[in-house]
Each structure stands twice: as C-alpha cells, then as structure tokens.
Amino acid sequence: MTLTTGIMVGGIYALVALGWVLIYKCSGVLNLAMGELTLIGAYVTISFYSWGVPFVLSILCTLLVGIILGILVERIFLDKLIGEPILAVIMVTVGISYFFKGIIEFIWGTDIRVFTPPVFSLKPFSIGFLKISTVYFWSFVLAIVLFLVFVAFFKYTRWGLSMQATADDETAALSLGVSARFVYAASWAIAFMSAGVGGALLGNINGVTVSVGYLGLLVLPAVVLGGLNSVPGAIVGGLLIGVLQNFAGTYLDAYFPGGVKDVFPFAFMTVFLLFMPYGIWGWVKIERM
Amino acid sequence: MNTTGEVQAGEAILKLEDIYMAFGKVQALNGVDLEVKKGEIHSIIGPNGAGKTVMMNCINGLYHPQKGTIYFKGQKINGLSPHKRAELGISRTFQKLELYGGMTVLDNIRMGSHIHLKSGILSGSVFMGKTKREEIEERKFIEEEIIDLLEIEGIRDQVAHMLPYGLQKRVELGRALALRPEVILLDEPMAGLNLEEVEDMARFILDINEEERWKVTCVLVEHDMGVVMDISHRVLVLDFGNMVDDGPPEEVGKNPKVIKAYLGEEDLYITRR
Ligand SMILES: Nc1ncnc2c1ncn2[C@@H]1O[C@H](COP(=O)(O)OP(=O)(O)OP(=O)(O)O)[C@@H](O)[C@H]1O
Ligand SMILES: [Mg+2]
C-alpha cells in the first residue's frame with residue numbers, strides 16, 4: 001500500500017517534473033516559480049469545479065489557462081531577457097513566484113479548500129492483491145495520460161521537434177528556421193500546463209492549500225535526481241520521490257514526528273548528488289563535452 | 001512567395017553594402033562590400049580573426065551590423081531574425097559543428113526541411129490526406145536525394161554526436177541543404193578533414209552548385225587555398241575587417257597585397273591537390 005500510493009503520487013510529480021525539465025532543456029533556466037504554478041493550477045481547477053464544471057472539463061480549462069498564462073509570462077517578463085545571463089533569468093523566476101503568491105492570496109485567500117462534492121471516492125479498490133485508493137488511481141492515470149500527450153507532441157509535431165532542436169543546439173535551430181520566441185513561449189506554456197494539472201490532481205487528493213505549492217517545489221529533487229535535462233529522468237525521479245516520501249511518512253514519522261515526509265526527499269537528493277552530481281541521466285552531458 | 005521576383009543567374013542574389021561591425025574595440029568588419037551573383041561560388045578568405053565568420057553571422061542574422069545594408073533578392077533583410085532569413089532561403093553550416101548531437105543523422109536532416117511543412121504533425125498513420133502526402137514527399141526528397149548525394153546511406157540512423165568528425169561535417173551540409181536554400185553559407189567545411197575527405201567535400205560543393213537539381217549559390221569561407229582557387233568563381237579577401245581584394249581567383253591570387261596580407265609566403269599557396 002505504501003509503495004503503490006508512492007508510485008501513484010509519483011506519477012503526478014513526474015508530470016510537474018516534466019514542466020521543469022522542459023524549461024531547463026529549452027532555455028537553460030531553472031524555473032523557481034514552479035511551486036506557485038502548481039498552486040495556481042489547483043486553484044483554477046477547483047474554481048471551475050465549484051462553478052459546476054465537471055472535473056475533467058475543469059482540467060481542460062486549466063490547461064487553457066496554463067497556455068495563456070505561460071505565454072503571457074514569457075512575453076511580459078522573459079522575452080526581454082533573452083541573451084541575458086542565466087542567473088538573472090532564474091532570479092526573475094523567483095520574482096515571478098512572489099508575484100504569483102501575491103495574486104493567489106488576493107484571489108483565493110489562504111484557507112484550505114476541498115473539492116465538493118468529492119470527485120473520486122477515497123475508498124480503496126483491489127486489483128489482485130493490490131489495494132489502491134480510487135482517487136490516487138485516477139489521478140495517476142490522468143497524470144500519465146497527459147505526460148504521454150506531451151511526449152507525443154514532442155516527438156511527432158513540428159513544434160515539438162523545434163523545441164527539441166532548440167534544446168539541443170540553439171544557434172543551429174535559429175539558423176535553420178526555428179523561431180526562438182516561439183520555442184520559449186511554448187516551453188512556458190507547457191510548463192504551466194503540466195504544473196497546473198499536477199497541482200489540480202494533488203489538490204484533489206489532499207485539498208488545496210499553500211502546501212500544494214510546496215509539493216510543486218518538492219518536485220525539484222525529482223528533477224535533479226533524474227538529471228535536469230532528461231525526460232525519462234523526470235519519470236523515474238518523480239516516481240522515486242513519491243515512493244521515498246511515502247515510505248518516510250509511514251516508517252520515519254514515528255521517530256521524527258512532524259514534516260519528515262517532506263524533508264526526506266531533499267535529504268536524499270543531497271546525499272545522492274554527492275555521489276552522482278549529474279543525476280541518473282544527466283551524465284550524457286559530460287560525455288558530450 | 002517572393003514579392004521581389006526571381007533573380008536570374010548571373011544577377012546579384014545577395015548584396016552587402018558598407019558593413020561595419022565592432023565588438024568593443026575590435027573592429028571585426030570595417031566597411032565591407034560583397035555582391036554574390038546567383039549560381040556562383042563566392043569565397044571569403046583571410047587570416048584568423050579577419051572577420052569571415054562575423055560576416056557569415058551578419059548575413060544569416062545571428063549578428064546585426066552596426067552600419068550597412070544587406071539585401072537578399074533585392075529585399076533589405078537587416079531587421080529580420082535568423083529564422084526568417086532561413087525561410088527566405090538562406091541556409092548555413094558552422095565552423096564549429098552545430099549538429100543536433102542527440103538526434104540521428106536522418107532527424108538532423110529532417111529538421112532542416114521542417115520549415116517546408118505546412119501542417120504541424122510529422123508522422124503517424126492516423127493523419128491522412130494532405131499531411132500524409134506532404135510527409136511522404138518530404139521524406140522521399142530528404143532520403144533519396146540528400147542522402148544519395150552525400151553518400152551517407154550507411155549512417156542515417158546513427159546518433160550524430162557519435163560520428164567521426166568528417167561525417168558530422170557532411171551531415172551538417174545535408175541538413176543545410178534540406179532547407180532547400182537558394183544561398184548556402186559554408187563556414188570552413190573542409191577544416192579538420194583529411195585529404196580524401198577534403199576532396200569529397202569539394203565535390204559535394206560543386207555538385208550542389210552546378211547540378212540542375214540544386215543550383216545553390218554558395219558563400220564559402222575556407223582556409224584551404226587549393227580548394228578555394230579551384231572551385232570559386234570569385235574571391236573576397238579580408239584582413240582585420242578590411243577588404244583587400246575581390247575578384248576572380250586568378251586575379252586575386254596575383255595581387256601582391258593579397259599575397260602579403262594572407263598568403264604571406266608563397267609556399268602557402270601550393271595546392272594540396
Ligand atoms: N561575439 C563576439 N564577441 C566579441 N568579439 C568577437 C565576436 N565574434 C567575433 N569577434 C571578434 O571579431 C574578430 C573576427 O572574428 P571572426 O570569427 O570573424 O574571424 P574569422 O575570420 O572567422 O577567423 P578564423 O579563420 O579563425 O575562423 C575577432 O577578433 C574575434 O575575436
Ligand atoms: Mg571563422
């Protein structure tokens with residue numbers, strides 16, 4: 001049960017991790033506003049849901065809002081920074097995160113909100129000898145479906161290929177007909193979408209509070225573990241963090257009461273990076289230099 | 001498609017007028033002119049740091065000169081970004097390889113042609129009709145013609161960054177060609193190649209320039225004097241951003257100023273072929 005729950009939640013982390021990896025791959029930027037994006041997604045979905053929009057449709061609306069916000073943010077804050085040092089851009093994402101935090105408090109306040117009526121029951125059901133709670137199961141399925149959609153977009157569309165090309169060699173991509181502005185806007189749009197839906201799914205499990213934003217940030221270890229520039233790494237990292245977190249919650253909480261569940265993945269990441277500084281798949285980079 | 005009308009063979013397709021480009025105190029280009037005629041191979045030579053690569057970057061839009069005008073087919077293109085210039089028909093290779101290292105040879109070449117696809121979806125049998133036909137035509141074009149021409153059949157599915165240097169150079173040419181450009185900028189395509197590879201590359205360049213199927217105008221930056229003098233129609237000589245000479249190779253090769261500025265000693269001028 002601990003393991004399966006971990007994997008289920010890990011699927012959602014993988015989705016959020018994808019957003020992180022995308023922006024890093026395409027523009028070399030570590031987007032520190034990711035936690036807030038996750039939280040915004042959760043609030044947007046719950047708002048639609050409370051207006052009577054069915055859950056899956058609410059998710060689709062969140063995707064739409066994600067696209068719009070992503071493009072807006074890229075255009076307003078980041079477009080002018082193309083060519084500036086990466087650190088400057090990362091600092092701007094910190095600024096953006098505070099900006100969003102303010103907006104969230106302004107619009108939605110800080111109270112906990114839950115999806116009413118509940119979308120999925122918490123009742124576990126069994127597959128063979130496995131017991132899985134319904135809400136985890138469907139959240140996992142939704143996360144994976146979306147993840148696959150993004151990957152297909154990457155692989156089989158001209159836009160996705162343009163993004164890959166830019167990630168691989170920006171100078172060449174520019175010179176061969178790829179618009180950098182398009183690629184950046186697209187990567188932010190997808191990051192907003194994946195983080196937003198990830199947030200919606202997490203919020204659906206535990207209720208929507210600021211802590212969903214922390215969970216979005218919790219994905220950072222997942223991304224770093226997988227190797228910042230690796231999509232498969234995002235999956236493995238996401239699942240690993242999900243499992244670790246749940247095991248820590250189940251077995252360590254008795255000894256270290258409090259937030260051990262949320263701290264443990266960071267502690268693990270730190271130790272892990274001491275031994276594998278480029279993450280599981282990140283080493284491709286070293287080989288190529 | 002092109003509002004300025006077609007340029008006839010022998011007319012100027014690319015024109016640079018009085019180009020100035022400085023980086024801080026380094027004057028990389030100091031009032032340079034260049035007129036490339038359609039159908040020709042126009043080479044740019046000069047010692048290290050002469051401004052050859054900077055010139056290529058100005059033509060394709062990676063750099064924007066501080067002064068001067070660039071025309072492509074009669075249209076001023078100064079303000080256009082590189083991808084717009086690629087769409088107009090200017091393609092290039094790089095002095096330091098810039099392949100998509102993580103992709104296969106075929107995907108690298110496909111990426112070169114992607115700007116010609118009108119629909120966004122590249123494959124998958126679900127998407128029928130126009131998309132599909134376009135895709136098939138595209139693939140045929142790429143696979144049969146470019147891969148045949150460059151003799152890279154055997155490595156089409158290999159990952160680019162694993163290939164030997166000489167082959168990577170060749171794949172880069174293929175990718176640039178897949179754009180179906182009217183003008184191709186080649187920045188030292190022979191650098192680092194062995195004798196046999198240099199000969200192959202020279203042959204490929206002549207093929208894409210002369211063969212009816214391609215007829216691509218070339219701007220060639222190259223240090224290998226033998227090749228340059230052999231295959232160029234015209235040669236521009238740069239020295240620290242200044243124009244030293246511009247003319248047919250036979251004349252340029254005799255100009256004492258050129259010999260002094262670039263060729264330095266006569267023995268540099270001995271061809272390798
Ligand atoms: N981005 C840049 N920033 C600063 N200086 C630059 C930049 N690009 C080129 N330069 C300078 O401009 C001058 C011309 O460089 P360029 O690369 O065009 O030389 P080149 O003729 O291509 O030489 P080589 O044969 O070595 O390739 C050099 O002094 C170089 O240092
Ligand atoms: Mg150069």
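Select chain A and walk along it from the N terminus: its elements run α-α-α-α-β-β-α-α-α-α-α-α-α-α. That gives chain A 12 helices and 2 strands. Here, helices (H or I, at least four residues) and strands (E, at least two) are DSSP runs, numbered from the N terminus. What you have open is a predicted model, where local features need pLDDT of at least 70, side-chain atom pairs count only at pLDDT 80 or more, and totals for chains, interfaces and linings use all residues. Residues are numbered from 1 along each chain as its sequence is written, while chains are lettered from A and ligands numbered from 1 in the order in which they are written.

**Stop 1: all of chain A**

Zoom out a little. The radius of gyration of chain A is 19 Å, close to the 19 Å that the globule rule gives for 289 residues, so chain A is as compact as a globular protein of that length. (The radius is taken over C-alpha atoms, and the rule is 2.2 Å times the number of residues to the power 0.38.) Along the principal axes, the C-alpha atoms of chain A fill a box of roughly 55 × 45 × 35 Å.

Now color by pLDDT, the predictor's confidence in each residue, from 0 to 100. Chain A has a mean of 82, with 92% of its residues at 70 or more. Select residues 283-289 of chain A: pLDDT stays under 50 there, and the model has 6 contacts beyond four places in sequence for this stretch. Two residues are in contact if their C-beta atoms, placed from the backbone, lie within 7 Å.

**Stop 2: helix α6 and its neighbors**

Next, pick residues 158-168 of chain A, which form helix α6. Add α5(A), residues 134-156: the axes of α5(A) and α6(A) come within 5 Å and cross at roughly 80 degrees. That makes α5(A) roughly perpendicular to α6(A). Axes are lines fitted to C-alpha atoms, for helices over the stretch in contact, and angles run from 0 to 180 degrees between N-to-C directions. Angles under 35 degrees count as roughly parallel, over 145 as roughly antiparallel, 65 to 115 as roughly perpendicular and the rest as oblique.

Show the side chains where they meet: Phe153(A), Phe154(A), Lys155(A) and Tyr156(A) from α5(A) against Gly160(A), Met163(A) and Gln164(A) from α6(A).

Swap α5(A) for α8(A), residues 180-206, whose axis comes within 10 Å of the α6(A) axis and crosses it at roughly 100 degrees. So α6(A) and α8(A) are roughly perpendicular too. Look for Trp159(A), Ser162(A), Met163(A) and Thr166(A) in α6(A), meeting Ala180(A), Val183(A), Ala186(A) and Ser187(A) in α8(A).

**Stop 3: where the chains touch**

Bring chain B back into view. In this model, 17 residues of chain A are in contact with 27 residues of chain B. Which elements give two or more residues to the chain A side? They are α6(A) and α7(A), the latter being residues 170-175. Our friend α6(A) gives the most, with 5 residues. The model scores ipTM 0.83 and pTM 0.81.

**Stop 4: chain B and ligand 1**

Chain B averages a pLDDT of 86, and 86% of its residues score at least 70. Its residues 265-273 stay under 50, with 11 contacts beyond four places in sequence.

Finally, select ligand 1. Among the residues around it (C-beta atom, placed from the backbone, within 6 Å) are Phe23(B), Asn48(B), Lys52(B), Thr53(B) and Gln95(B). The elements giving two or more residues to this shell are β2 (26-37) and α1 (52-60) of chain B, and α1(B) gives the most, with 3.
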